[in-house]
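Biologist: I'm new to this one, so could you walk me through it? I'd like to hear the reasoning behind the labels.

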Amino acid sequence: MNRFAILAAAGLMLAVPAAMGREGSAACTAARPAGDLKSHAASFFPKASNADLDALAACLGDRDPAVRDDFAFTLWSEGLRSQYLTPAQMRYTLGLLTRMVVAPDDTAGFRQPFAALTLSEVARADRIEAFLTEAELHALTETGAAYLRGVRDYRGFVAGEGWRHGVAHGADILLQLALNPRLSRADADLILGAVAVQVAPPGSHAYVHGEARRLARPVLFLAKRPDIEDAAWAAWFQSLHPDDASRWQAPYSSEAGLAAIHNSSAFGDAIYVAASESQDPQVRRLAPLAAGLLKALP
């Protein structure tokens with residue numbers, strides 16, 4: 001059963017809020033408080049209807065970063081971290097955000113990455129106090145991995161527009177899942193596969209907004225697992241080495257080649273530094289593999 005069938009069976013496949021059109025950004029109709037969001041979250045979520053949650057979700061696609069990030073995402077985060085949502089609201093929110101993440105993004109490109117960032121908070125909530133079944137946790141892992149693998153909009157921060165940061169936000173979902181002790185080995189492999197796709201993606205985009213460190217975090221926490229053998233880690237890092245693709249043939253003569261070197265180096269550095277400084281021998285075993293990646297780069 002695929003993730004969409006699982007979510008449908010669980011009653012989670014809900015329509016994207018009507019305010020969210022494909023061609024434009026979402027219209028935020030949720031009332032914003034005059035006071036601080038911490039106290040607002042405590043009063044808003046316990047009495048919020050599904051329509052209220054829809055309206056707040058729509059604000060995640062607003063073009064104004066003060067609405068999208070400072071208000072909508074921050075309110076979701078406060079509510080989820082403070083456990084103000086009921087179990088029914090949690091399941092509704094999971095379905096709502098899942099649908100937003102898998103649907104085509106709006107042309108402005110804000111809705112998907114901020115739905116993904118909020119979905120990472122749902123994953124965190126399940127890690128802190130489990131409410132998902134094993135099948136639902138697997139479905140969430142599939143959703144997060146598919147989202148990260150599919151990111152093609154590599155814009156991070158843009159002056160006057162704020163953050164999109166799809167790669168980092170996708171990695172944040174996988175980080176929370178990697179930290180979850182209930183995560184299966186098969187789902188750990190899904191996470192590693194998704195990260196590998198975005199370490200040095202095709203094209204000429206060079207990461208400059210901390211994406212490499214965000215991609216490294218789920219890998220470093222998965223390294224703590226005793227069920228991922230040294231041979232599996234060696235094979236995974238080997239898959240990141242330069243291959244026969246044209247961008248690696250004369251990498252200093254093309255933007256794509258230079259971006260591949262830059263992005264691979266940044267990821268290798270992030271893993272190497274963190275693993276070398278770790279006191280956990282499971283994590284430290286990644287240091288020589290990261291060093292091998294760095295040495296393999298032209």
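Modeller: Let's start with D126, which is buried at a relative accessible area of 2%. Keep in mind that this is a predicted model.

Biologist: Why is D126 called buried?

Modeller: Buried means under 20% relative accessible area. D126 comes in at 2%, so the label fits.

Biologist: What makes D126 and R182 a salt bridge?

Modeller: Their side chains meet at 2.7 Å, N to O. The cut-off is 4 Å, so the pair counts as a salt bridge. It links distant parts of the chain: D126 sits in helix α6, while R182 is in the loop between α8 and α9, 56 residues apart.

Biologist: And R182, is that buried or exposed?

Modeller: In between: R182 has a relative accessible area of 32%. Partly exposed covers the range between 20% and 50%, so R182 is partly exposed.

Biologist: How do you know that C28 and C59 form a disulfide?

Modeller: Their sulfur atoms are 2.0 Å apart. The limit is 2.5 Å, so they qualify as a disulfide. A search of the whole structure finds one disulfide.

Biologist: What does the C28 and C59 pair tie together?

Modeller: C28 lies in the loop between α1 and α2 and C59 in the loop between α3 and α4, so the pair ties together parts that are 31 residues apart in sequence.

Biologist: Why is the disulfide of C28 and C59 called right-handed?

Modeller: Because the torsion about the S-S bond is about 75 degrees.

Biologist: Are C28 and C59 buried or exposed?

Modeller: C28 is at 18% and C59 at 0%. Buried means under 20%, so C28 is buried, and so is C59.

Definitions and conventions. Residues are numbered from 1 along each chain as its sequence is written. This is a predicted model: local features need pLDDT of at least 70, side-chain atom pairs count only at pLDDT 80 or more; totals for chains, interfaces and linings use all residues. Side-chain values use heavy atoms; hydrogens and water are left out. Helices (H or I, at least four residues) and strands (E, at least two) are DSSP runs, numbered from the N terminus. Buried means under 20% relative accessible area, exposed over 50%, partly exposed in between (1.4 Å probe, protein chains only).
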